[in-house]
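Student: I have a structure open and I want to learn how to read it. Can we go feature by feature?

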Amino acid sequence: MRSSLIYTLFFSPIFTALAAPSSWHEVTRDVDWEAELIGRNEESALVPRARTEKSIDAVFKALGKQYFGTCADSSLLNNAQNAEILKADFGQVTPENSGKWDTIESSRDKFNFAGLDTLVNWAQTNGKLVRGHTTVWHSQLPSWVSNINDKSTLTTVIQNHVKAEIGRYAGKVLQWDVVNEMFDESGGLRSSVFSKVLGEDFVRIAFEAARAADPKAKLYINDYNTVEKGASYAKTTGMIKYVKKWIAAGVPIDGIGAQAHLMAGESKNVPASLAALCAVASECALTEIDIVNAAAAEYVQTVKACVDIANCVGVTVWGVRDPDSWRASNNPLLFNSAYATKPAYAALVQTLGALAPASTAAAVAAKPTL
């Protein structure tokens, strides 16, 4: 009875969503999925169980990718259970909030780098990569910036903010989300102080300042609903159109970040959408993955979309355990409230682990240098 239920809940959706080769079936057929279920005591209370899985970061890197990461900030880095998982299972950390404008420069020219310093220092101490997030964003923006209506002033403010933040960590951060969520759902520019005062030129201003501040960092433009809705969705095609134009004009955009905050059932849209985006820039990444209900098949389909695209360099899930997610009520992450892995984690390890590893030359080429 239990083995029948486990097969129905976990194997069926994975096989349905993924037309996997027979070699994958052979590997997953022998997986002890009961061992992957959350342990329960006699009162059926949630209890942690011993970890048996391989590190998803190690499995992902074996396929020639740079990292499998997550987000954090000081409070989670100082949480012993959370930090242990970060060290064991993830190869990159992204600041969830400590790199945003309202934290970094709440008053003009008065900077607070305490939280971001903590994250970058922790990453260096523990051998982890860092994705910088984010310098220019319409949200979590101090009112003193929102109230600017002069082109020259706003240009200088953007340049100084980007220079201060990115320059402080030059040589320590692999990628930066220089401009974040700048498109509306129709594929045009989102209405913000930046677009209202400077038009689309604020993108050039921000990216040029970022390149000057850290010439080696990979510079990204990052947005949501670009892989969630399908390759023909207006926001996706709009982003492609604008980024093509900007790169052709010499704006130093290295990569496109697709956030992938997925509703249940949307993973089927990711492969084609991500391929279309990745064709535009020299590299790309899935930057903020979470999936409502965290179905194993949907996580596998989403992550494998990056695996299948040569210039998709990495994947970031937006948090470690469900209660710490911004979508906590949707249980969208890979670890549960007891810091135990969920079936999606095991499915990723087994599926990706069954794929042919990258050649030594490809693995060396994929390894980032700072």
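Student: Start with contacts along the chain. Among contacts between residues at least 6 apart in sequence, what share joins residues at least 24 apart?
Tutor: In this predicted model, the share is 76%.

Student: How many helices and strands does the protein have?
Tutor: There are 17 helices and nine strands. Of the 370 residues, 56% are buried.

Student: Which residues of α16 are buried?
Tutor: They are P343, A344, Y345, A346, A347, L348, V349, T351 and L352. That makes nine of the 11 residues in α16, so the helix is largely enclosed by the rest of the structure.

Student: Now aromatic rings. How is a pair described?
Tutor: Two values do the job: the distance of the ring centres and the angle of the planes. Here the count is 12 aromatic pairs. Take F60 and F68: the ring centres are 5.6 Å apart and the planes stand at 90 degrees, so this pair is edge-to-face.

Student: Are those two residues buried or exposed?
Tutor: F60 is buried, at 0% relative accessibility. F68 is buried as well, with a relative accessible area of 0%.

Student: What about F90 and F335: at what distance and angle do their rings sit?
Tutor: Their centres are 6.4 Å apart and their planes are at 50 degrees, so the pair is tilted. Check where the two residues lie. F90 is in the loop between α6 (80-89) and β2 (92-95), and F335 is in the loop between β9 (312-317) and α16 (343-353), so the pair ties together parts 245 residues apart in sequence. F90 counts as buried at 2% relative accessibility. F335 is buried too, at 0%.

Student: Which residues form one aromatic cluster with F60 and F68?
Tutor: F90, F335 and Y345 join them in one cluster. You have met Y345 already, among the buried residues of α16.

Student: Rings can also have a charge over the face. Where is that found here?
Tutor: Look at two places. R131 lies over the face of Y220, 5.1 Å from the ring centre. At Y224, the charged end of K235 sits over the ring, 3.5 Å from its centre.

Student: Next, helix packing. What describes two packed helices?
Tutor: Use the angle between the axes and the distance between the axes. Try α10 (residues 151-168) and α12 (residues 201-213): their axes come within 8 Å and cross at roughly 35 degrees. The crossing of α10 and α12 is right-handed.

Student: Which residues meet there?
Tutor: From α10 come T155, I158, Q159, V162, K163, I166 and G167. They meet F202, I205, A206, A209, A210 and A213 of α12. By class, the contact holds nine nonpolar, three polar and one charged residues.

Student: Why do residues three or four places apart matter when I read a helix?
Tutor: An α-helix has 3.6 residues a turn, so residues three or four places apart point the same way. Now look at the α10 side again: I158, V162 and I166 are among the residues that meet α12.

Student: E208 is also in α12. Is E208 buried or partly exposed?
Tutor: E208 is partly exposed, at 38% relative accessibility. Its C-alpha lies 6.6 Å from that of P252, with the two positions 44 residues apart in sequence.

Student: Show me a loop residue in the same way. Where does M263 lie?
Tutor: M263 is in the loop between β7 (261-262) and α14 (270-278). It is partly exposed, at 43%. Beyond its neighbours within four places in sequence, M263 is in contact with I291, V292, E298 and R327. M263 and N330 are 67 residues apart in sequence and 9.3 Å apart in space, C-alpha to C-alpha.

Student: Last, the backbone. What is the general expectation for phi and for peptide bonds?
Tutor: Most residues other than glycine have a negative phi, and most peptide bonds are trans. Now the cases to inspect. A cis peptide bond joins H133 and T134, with omega about -5 degrees. T134 is in strand β3 (residues 129-137).

Student: Which residues have a positive phi without being glycine?
Tutor: A260 is one, with phi about 65 degrees. A260 sits in the loop between β6 (255-258) and β7, and it is buried at 0% relative accessibility. N331 is another, with phi about 45 degrees. N331 lies in the loop between β9 and α16 and is partly exposed, at 38%.

Terms used. Residues numbered from 1 in each chain as written. Predicted model: local features only at pLDDT ≥ 70, side-chain atom pairs only at ≥ 80, totals over all residues. Heavy atoms only, no water. Phe/Tyr/Trp six-rings, centres within 6.5 Å; stacked < 30°, edge-to-face > 60°. Buried < 20%, exposed > 50% of the residue type's maximum accessible area, 1.4 Å probe, protein only. Helix = DSSP H or I, 4+ residues; strand = E, 2+ residues; numbered from the N terminus. Lys NZ or Arg CZ within 6 Å of the ring centre and 35° of its normal. Axes fitted to C-alpha atoms, helices over the stretch in contact; angles between N-to-C directions. Left-handed = near helix turned anticlockwise from the far one by under 90°. Contact = heavy atoms within 4.5 Å. Nonpolar A, V, L, I, M, F, W, Y, C, P; charged D, E, K, R; others polar.
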